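Student: Could you take me closely through the pockets of this model, with the criteria spelled out as you go?

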Amino acid sequence: MTYNFDSLVRHLAGTPLATWAQTLPALLADKLASGHGDLPRWQAAVDALPVLLPERIELLDGMHLDGECSTSQRQQLEQALRGLMPWRKGPFELFGVHIDTEWRSDWKWQRVAPHLDLIGKRVLDVGCGNGYYLWRMLGAGADSVVGVDPNWLFFCQFQALKRYLPALPAWHLPLMSEELPAKLEGFDTVFSMGVLYHRRSPIDHLLELKDCLRRGGELVLETLVVEGDEFTALVPEDRYAQMRNVWFLPSVPALERWLRRAGFEEVRCVDISVTRLEEQRSTDWMHFQSLPDFLDPDNADRTIEGLPAPTRAILIARK
Ligand SMILES: Nc1ncnc2c1ncn2[C@@H]1O[C@H](C[S@+](CC[C@H]([NH3+])C(=O)[O-])CC(=O)[O-])[C@@H](O)[C@H]1O
């Protein structure tokens, strides 16, 4: 498996991100050398993908690649992709193989996309998972998309997709957002979706995101929320919907206040949606338990810990 971070350096040359980009090839080579124990197995799965040429590329209405693919190539493709299970974010439609992921991430994208103009924008997606939304952002006209996520499996899933779209300006960096330099100030749009509630210091996360934006740039923040006024934030005693690392679930008015305190302007909430059981569930590509197992079997409005069931809000704000 080879990575082309040099193409990122070239793409960002002459932008406010150029100096940072130049530091990445060496940093990422170090990371890859000391990567996760399963990394060689996942890299082997990526290397086992058949050589296929996408003749039709759909990124606007979904993530769909099509082109000539024999039955044996399709079997080889499916087998290699199954070597990268569990697949959480998607779905992907690749040369006749449907990756039915745990999440219907396309539904979230349908809620987010109508509120944005990404044409010609340099975009950062913090906590990008396997990069599903990076492809959709390109479909919406972004100039370039960079995702950061420390999970090596998700990095390899992205590389599997990138193998078929090597020339597209999308890059996945196996980094934590805390590893982004202060005052980067070079992205037009920064996304943080499904990350804030995993952070012990949510305001520091907002400041970190603000640092990545150019002046006038836009933040897209999606996170779990609860009902309540500007003084309300739920901190679970222990687990939330079986997740151990959940810290702050604010109300929308509280989150709007946090964003204003962090220095954002034009703060607005564009969507609040209860997560449906059909949106997050176990599938043939993700065999572990999922949302239906994490809710109270007698009351779908509650998690099995007795807390409010997952509801997510999307907020947009300007630096
Ligand atoms: N410090 C960190 N820095 C960067 N990423 C992190 C960090 N800690 C965890 N992550 C990553 O943040 C992601 C959170 S999932 C959201 C995915 C996508 N955005 C989605 O909206 O579907 C949660 C969910 O399923 O909602 C995971 O991929 C982690 O590896």
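Tutor: What follows describes the pockets and the residues that line them.

This is a predicted model, in which local features need pLDDT of at least 70 and side-chain atom pairs count only at pLDDT 80 or more, while totals for chains, interfaces and linings use all residues. Residues are numbered from 1 along each chain as its sequence is written, and side-chain values use heavy atoms, with hydrogens and water left out.

The largest pocket (on a 1 Å grid over the protein atoms alone, an open set of points where a 1.4 Å probe fits, with protein on both sides within 12 Å along at least five of seven lines) holds about 1200 Å³ of space, a volume being the space filled by probe spheres set on the points, which are joined across faces, edges and corners. Its lining (residues with an atom within 4 Å of a point) comprises 41 residues, of which Lys89, Phe154, Gly194, Tyr197 and His198 are the closest to the centre. Strand S5 (122–126), helix H7 (152–162) and helix H10 (291–294) are the elements that give two or more residues to this lining, and H7 gives the most, with three; helices (H or I, at least four residues) and strands (E, at least two) are DSSP runs, numbered from the N terminus.

The second largest pocket has about 350 Å³ of space, and among its 16 lining residues Val274, Asp301, Pro308, Ala309 and Thr311 are the closest to the centre. Strands S12 (265–274) and S14 (299–303) each supply at least two residues of that lining, with S14 contributing the largest share, three residues.
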